[in-house]
Amino acid sequence: PVAEWQGRTARLWAALDPALRERLAAASLHDAVRLGCDLLREEEEEAALVQLCHQAPTDKKPEAASWYREQGNREFKRGQYQAALRLYSKAASHELPGSPEVSVCFANRSAALLHLGHFEICLEDIARAESHGYPDRLLPKVLLRKAECLLCLGRLQDAQDILRVLESKTALDGVMTTHLTRLKKLSELKVKLGEKERCPGPAREARGGIPGEPEIWEENSSIAGASSSLSLSFDAQRGRHLVASQDIVPGQSLVREEAFVSVLCPGESLRLQDGDTAWDTGATNADLYCHRCLRQLLASVPCWGCSYAKYCSQDCADMAWQQYHSTECSLGALLLTLGVFCHVALRTVLLAGFAEVSRLVAWSHRGDKNLQNPEARCKPLSEAPGAGAGSRGVPGCGSNGQNQSSYQAVFHLLPHTEQHSPEHKFLCTLSVVALCKQLQAAGLEAAVLNQESPQQWSKPKTCEKTSDELSPELKTVAEAMLRHVLQLQCNAQAITVMQELGPGDGAVVDKKPVRLATAFFPVLSLLNHSCCPNTSVSFSGTAATVRASQPISSGQEVLHCYGPHWCRMRVAERQQLLSQYFFECRCPACLKELEPGLKSVVSIRNSFCCPKCQAQMQGEEDTLCCSNEACATSASRDHLSGRLQDLQQQIKKALDLLRGGKADQSIKMLLKCQMDAGTFLSPEHLLMGEMEDHLAQVYATLGKWQEAARHLKKSIEIVEMHHGPSSVETGHELFKLAQILFNGFAVSEALSTIQRAEGILSVHFGPQSAQIQELQEMKACLSELPRNFLQRT
């Protein structure tokens, strides 16, 4: 939840009678909800939550739509079509349903799409504009655009039909007549030449590429979504976990699972245009990805009830409305205030349906004590609803071992009720109760309990005053939601994507991993943690794929990293981060670093060096001493840390200069940063590699490919040193080097780099991934060059 709500609940907790705090700390989920309902009766708390919701509005504002459309027009005239595209989408999301202005948003957006070369999607937007009542007087302009798209797509007959319709209209102005004549001549030329290819454009609708090798996959007979090369094991210390039932090779797919539920995280705001503005012009995950399938958006379909939810198609919008958004729509501000875990919990029970939720909650009351004991939980599965006798499979599976209800598998994940701090449990309880009270007050209870058909659902009216007492059914929903919020701390899976930095229209595309959504993956949750895992997880939309990142012998446990990797942080930092999962990591990497006198490799490589002799500085106290006894220089740790922070700020300014088109100034500042860093940072420090990477980026922007390659090779050396030669980090750097060598026509070196990048990235992402496809396209292009050219390069 937002910090203000966390602060209010913390103050409320501190003010409670000690005896009541003790009761809450020991309460079952059922009793916690009942007590939470009593404690949230104070109007002051409810009013405070309403006030916080005003800071995250999700309702539609026609004045905002008008402003965004004007800003989009301004960016379009400047030739900033990508920014214009996003601004027109923002405008469409704020228009009221049925208003004629929304058709103008779609028509304007289609113009930006045409300039960007997205012809198929441009046609979709034109169809949307027409279906939403685009003014007749402006229709010829849109039809001309449609004809141009059809010509570029090679659909000559369709284009000619539209041109004939336009010719018959006499009200065309001079500019449009000229444009029509040009298109007509182009059409005739295409017919004469028999041309069937698309017009050249800066973007393609879909990456054709060269098909990668099909992956061998055999479904496990007892674990849905898992490979037949895995089996399920259990012991009291590790709980349920997956082990290899045969030898596994790197790159082999082990789990393919669709998320039971996923919720988009708003994410950081990416700037669309410069300057301070009346409305937020930043593009967040909410603007860039479909709220249902997480597909990247070009031309979003807005929800007609709120300004927040956006979809890749009308089908996705309709499906989301039917499954959950009809309930969530008017609660958008509250869900953003209470946070993504509350949102995931609500969507989980909506997808499961009240009948299934109430059945499993009732069963949990009968076996509540066993649910807190991992060993005991292995036994009563045969007694769980839908489980046959003797079932020993994934929680919620039947006697045949098949996953008969994904919700059962989610419900059986451990909530660790007794291990959460009382304060955290109190925060979660009040948040869930507040959400259920708003469901009741907004007239949404019937929809939540599945007592209305989807045809009867419509956008409810938001009510700010909630009733004091929850119905028994909503208390059941609240209990299930509280269970899921607590489960998420140990079982939430972040869906991550590689997001482009900047406009993405350069010859070399820089990307960084970002958290896109939070999800429940019941089978993926069976994987235990290791700081040095033997698997790699990748995502495509709402689907996760787990692949072996190294050889796994038969009988060996299959392990996943929960975040703190041994290459990225020291053991003390890792153990602190892992405490949220209620276990102490005893993986080989941790045990090795915990040996007396052994210093972390991360500490050594990311160390400070002596300002005088460049030897490593060492010491655990505030004062660091040079490891070279002949030098004996000392320095304050705080002073060196301050210099490091100043350096990072200077690097940030250099990158801002690059984004502002001032590449030469950016290079000067980065080179100065590099010289400064060399006086107090180890040559192996990760920041030294990052600076080399940034310099490569700037030189690539200027088309100085050899210089860019030289700096990127230095970056790769440092990345390999930290993460290993077969790591995903090294793979990403090699991918960038391949792009630079390709653009610089360094053919033989490019081909060998492509081959190495392919080998690494196919292990982590599979042969069908977008990066592999692009590498194969580069390789095919280079291989088609004349032989004498290849010999020269």
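Two strands are taken to pair if DSSP finds at least two bridges between them. I open with that definition because the first sheet I shall describe rests on it. The structure before you is a predicted model, and the values I quote are computed from it.

Let me begin with that sheet. Three strands make up an open sheet in the order β13-β14-β15, and their pairing is antiparallel. β13, residues 617-618, and β15, residues 634-636, stand at the edges with a single partner strand each, so one side of each is left without a neighbour in the sheet. Between β13 and β14, the latter covering residues 623-626, there are two bridges, and these strands run antiparallel. Which residue of β14 is the bridge partner of methionine 617? That partner is cysteine 626. As general background, strands of a sheet pair through backbone hydrogen bonds, in either a parallel or an antiparallel manner.

A second antiparallel pairing is found between β1, residues 230-235, and β2, where six bridges join the strands. The connection from β1 to β2 is a hairpin, made through three residues. Within this pairing, serine 231 stands opposite valine 243 of β2. Strand β2 itself, residues 239-244, is mostly covered, with six of its six residues buried.

I turn now to internal space. How many cavities of 30 Å³ or more does the model contain? The count comes to three. The largest cavity holds about 160 Å³ of space. Its lining consists of 15 residues, and those nearest the centre are His291, Tyr308, Glu328, His343 and Arg347. The elements that give two or more residues to this lining are β4 (261-264), α13 (314-328), α14 (332-338) and α15 (340-352). By residue class, the lining of the largest cavity divides into nine nonpolar, four polar and two charged residues.

The second largest cavity holds about 50 Å³. Arg86, Ser89, Lys90, Asp287, Leu297, Leu298, Ser300 and Lys310 line this second cavity. By class, there are two nonpolar, two polar and four charged residues in the lining of the second largest cavity. Which helix supplies the largest share of that lining? Helix α6, residues 81-94, does so, with three residues.

Helix α6 deserves a closer look. At 1.5 Å a residue, its 14 residues should span 20 Å, and the end C-alpha atoms are indeed 20 Å apart, which agrees. Twelve of the 14 residues of α6 are buried, so that by the cut-off of under 20% relative accessible area the helix is mostly covered. Among the buried residues of α6 are Arg86, Ser89 and Lys90, and these three names also appear in the lining of the second largest cavity.

The same length check can be made for helix α20, residues 422-441. Its 20 residues should span 28 Å at 1.5 Å a residue, and the end C-alpha atoms are 28 Å apart, in agreement. Helix α20 is mostly covered as well, with 16 of its 20 residues buried. Just after α20, glycine 443 takes a positive phi of about 75°.

Two regions carry annotations from the UniProt record, an unreviewed entry in each case. The feature "domain: MYND-type" is placed by UniProt at residues 290-329. Over those residues the chain is 38% helix and 10% strand, with the end C-alpha atoms 15 Å apart. The annotation "coiled-coil region" covers residues 637-664 in the UniProt record. That span is 89% helix and 0% strand, and its end C-alpha atoms lie 34 Å apart.

I close with two individual residues. Is cysteine 303 buried or exposed? Its relative accessible area is 6%, and cysteine 303 is therefore buried, since buried means under 20%. Cysteine 303 lies in the loop between β5 (301-302) and β6 (310-311). The C-alpha atoms of cysteine 303 and proline 97 are separated by 9.0 Å, although these residues are 206 residues apart along the chain.

Glutamine 576 belongs to helix α23, residues 571-578. With a relative accessibility of 63%, glutamine 576 counts as exposed, because exposed means over 50%. From C-alpha to C-alpha, glutamine 576 and proline 564 are 9.5 Å apart in space, and twelve residues separate them in sequence.

Note on methods:
Residues numbered from 1 in each chain as written. Predicted model: local features only at pLDDT ≥ 70, side-chain atom pairs only at ≥ 80, totals over all residues. Heavy atoms only, no water. Buried < 20%, exposed > 50% of the residue type's maximum accessible area, 1.4 Å probe, protein only. Helix = DSSP H or I, 4+ residues; strand = E, 2+ residues; numbered from the N terminus. UniProt positions renumbered as here; feature names shortened; annotations may be inferred. 1 Å grid on protein atoms, 1.4 Å probe; cavity = no way out; pocket = protein on both sides within 12 Å on 5 of 7 lines; lining within 4 Å. Points joined across faces, edges and corners; volume = space filled by probe spheres on them. Nonpolar A, V, L, I, M, F, W, Y, C, P; charged D, E, K, R; others polar. Expected span 1.5 Å × (residues − 1).
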